[in-house]
Amino acid sequence: MFLALSCRPVISCEIDVSDYVGYSIIFSGTVTGFINDDGQEEDSFEGCEHGRVLIVDYNKSVVCSEYSYAYAYHPYFVILANDYSWVACIDDDMYDIRKN
């Protein structure tokens with residue numbers, strides 16, 4: 001079973017909901033950049049590296065908890081959370097994240 005999560009018509013995330021029983025949608029927005037290894041702000045999404053800070057909606061941030069490469073310019077994303085963890089769906093790929 002797949003579910004398209006939508007808060008606005010342009011924000012969606014296709015996931016297998018059976019993997020996320022007990023999670024709640026806590027935020028949706030746009031990844032507007034990340035902080036590179038030199039501490040400089042980049043304005044794209046280049047996947048996750050453990051500890052990489054992702055900038056969200058220009059004024060919020062989350063931190064990656066895993067490695068996975070992808071590229072997109074300002075992709076929409078959805079954060080799901082339970083009592084123990086946060087995951088982000090970015091361009092239909094799932095990433096483990098945490099609060100910054």
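Visitor: Where is S44 found in this predicted model?
Guide: Have a look at what comes before and after it. Strand 4 covers 41-42 and strand 5 covers 53-56. S44 is found in the loop between strand 4 and strand 5.

Visitor: Is S44 buried or exposed?
Guide: Buried means under 20% relative accessible area. S44 has a relative accessible area of 5%, so S44 counts as buried.

Visitor: Which side chain does the side chain of S44 join in a polar contact of 3.5 Å?
Guide: Stay with S44 for this one. The polar contact runs between two side chains, at 3.5 Å. The partner of S44 is E46.

Visitor: Leaving aside neighbours within four places in sequence, which residues is S44 in contact with?
Guide: With those neighbours left out, S44 touches T32, G33 and F34, among others. The rest of its contacts are Y71, A72 and Y73.

Visitor: Y73 turns up there; is Y73 buried or exposed?
Guide: Y73 sits in the loop between strand 6 (60-64) and strand 7 (76-81). Exposed means over 50% relative accessible area. Y73 is at 53%, so Y73 counts as exposed.

Visitor: What is the area of the nonpolar surface patch that Y73 helps make?
Guide: Y73 shares that patch with Y67, Y69 and Y71. The area of the patch they make is about 570 Å².

Visitor: And H74, buried or exposed?
Guide: H74 also has its place in the loop between strand 6 and strand 7. H74 isn't a glycine, yet it has a positive phi of about 50°. Its relative accessibility is 18%, and the cut-off is under 20%, so H74 counts as buried.

Methods:
Residues numbered from 1 in each chain as written. Predicted model: local features only at pLDDT ≥ 70, side-chain atom pairs only at ≥ 80, totals over all residues. Heavy atoms only, no water. Patch = residues over 30% accessible without salt bridge, like charges linked within 9 Å, V, L, I, M, F, W, Y side chains within 5 Å. Areas by Shrake-Rupley, 256 points an atom, 1.4 Å probe, with all protein chains shown as cover. Salt bridge = Lys/Arg side-chain N within 4 Å of Asp/Glu carboxyl O. Helix = DSSP H or I, 4+ residues; strand = E, 2+ residues; numbered from the N terminus. Buried < 20%, exposed > 50% of the residue type's maximum accessible area, 1.4 Å probe, protein only. Polar contact = N/O pair within 3.5 Å; in protein donor to acceptor, adjacent residues only side chain to side chain. Contact = heavy atoms within 4.5 Å.
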